Amino acid sequence: MSAVETPLAAYLNGFTEDPGYLDYGRIGPMSSAVVAETRGQTEILARARHGSLGHFGEQDLRMRTAVAAGLGFRADQIVSQPNTSMGLMHAMFGLTGDVLLSPADFPSLPFAASRAAEALHVAMPQWLTADGGENSAGQVTPGQVRDQLTPTTVAVAVSLVDSRTGFRADLEGIRQVIGDRLLIVDAIQGFGVVDAAYEAADVVASGGQKWVRAGWGTGFLALSDRAVERLTPVVSGFTGTEITEPWDQVPPPAHAASAFGVTNGDGIAQARFATALEEIQAAGLPAIEALVCANVERLIDLADQFGIPVLSARDARERAGLVVLVPPVERLTALGAALHNHGVTVTTRGGTVRLSVHAHLADETVDMLRGAFTAYAAAAGY
């Protein structure tokens, strides 16, 4: 009698990408379960058998239920979005008052705040000044936030994980210093691998194409009851009312998160997203986070062996799955070439090399990375 595969083992066995892939912070290759779900849902749509199409409308609730379970929100506090950036746009355009955020954050947040200010002139960005040097501008801390709040600040926006340094924001600490102001969180670089204090946030926007490994077109916007009270649904479509298909009338937006929807979602994308989240919840997020942490340590140790400076935090409580390397400026191209020549996929940006490691890390991938570091060091005469 064969042993029954545990949910965590099934989750880990669902990583099927080629060795050398260390770029989950850019895109997470879809899991085996998501690929199977996609094929099944696509087959249903392709055949369109009698009575089958209503199935796609059921995927919205399935997806919202899965997201809610991961956040600790209610399903009715979740609305489907095509991506993180659109969810952030909805939130920023809905603000009345100023929002404090870092100009060095991933562009989705600064662009949403700036475009809202330019278009509506009711919410202005207050650019937070970091105090930790040129490589830490995206690292938002409770102390920085506390010192730069003003009487006109109605919201604070922050990335759960800074995409350039891997720094993990202290959501509970920020909540303590901002009082009853809204806390808006771009969670894309941690959602699915970080057991974060999402209950501290009023607005959470994320997608499933990175660490969740659900592919593009998978996103959501989560709103606390307080956020629903304070945000205006500026762009609200026919699905954002209390009436199903409101023909011959234009009723007001619903007094709920659903008001921030524009039209019916992509049922196949929602099914992909729900499948990935259900798999994460079955495996257990704490177990996944622990594996990610161990794999990050493994990569940092390897970089240390070759004397490659690591920008990411050494304290596991301050980081997620990103390991950011900062080689000497004159050696950046050499490191990038060594990684490329050894088949290691990473992101090179702004003078840094970013490795993104998930819960599964093949020994072959580590060997390939070691080979790249060896070639890099040899070229420098180390």
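Modeller: β1 supplies the largest share of the lining of the largest pocket, four residues. This is a predicted model, where local features need pLDDT of at least 70, side-chain atom pairs count only at pLDDT 80 or more, and totals for chains, interfaces and linings use all residues. Residues are numbered from 1 along each chain as its sequence is written, and side-chain values use heavy atoms, leaving out hydrogens and water.

Colleague: What makes a space a pocket and not a cavity?

Modeller: On a 1 Å grid over the protein atoms alone, a cavity is a set of points where a 1.4 Å probe fits but cannot get out, while a pocket is an open set with protein on both sides within 12 Å along at least five of seven lines. Lining residues have an atom within 4 Å of a point. Here the largest pocket has 34 of them, with Asp60, Thr239, Thr263, Asn264 and Gly265 nearest its centre.

Colleague: How many residues of that lining count as nonpolar, polar and charged?

Modeller: You get 13 nonpolar, 15 polar and six charged. Asp60 is one of the lining residues, and Asp counts as charged, along with Glu, Lys and Arg. Ala, Val, Leu, Ile, Met, Phe, Trp, Tyr, Cys and Pro are the nonpolar set, and the others, Gly among them, go in as polar.

Colleague: Where does β1 sit in the sheet?

Modeller: The seven strands run β1-β7-β6-β5-β4-β2-β3 in an open sheet with mixed pairing. The edge strands are β1 and β3 (125–127), each pairing on one side only. From one strand to the next, the twist averages 20 degrees.

Colleague: Why do you say that β6 and β7 pair?

Modeller: Strands, which are DSSP E runs of at least two residues, pair if DSSP finds at least two bridges between them. Five bridges join β6 (residues 203–207) to β7 (residues 219–223), and the two run antiparallel. So they pass that cut-off. One example: Ser206 has Phe220 in β7 as its bridge partner.

Colleague: And why is the link between Arg115 and Glu118 called a salt bridge?

Modeller: The term asks for a side-chain nitrogen of Lys or Arg within 4 Å of a carboxyl oxygen of Asp or Glu. Arg115 and Glu118 meet at 3.2 Å, N to O, so the pair qualifies. They are three residues apart in helix α6, so about one helical turn separates them. A helix here is a DSSP run of H or I with at least four residues. The whole structure has 18 salt bridges.

How values were computed:
Axes fitted to C-alpha atoms, helices over the stretch in contact; angles between N-to-C directions.
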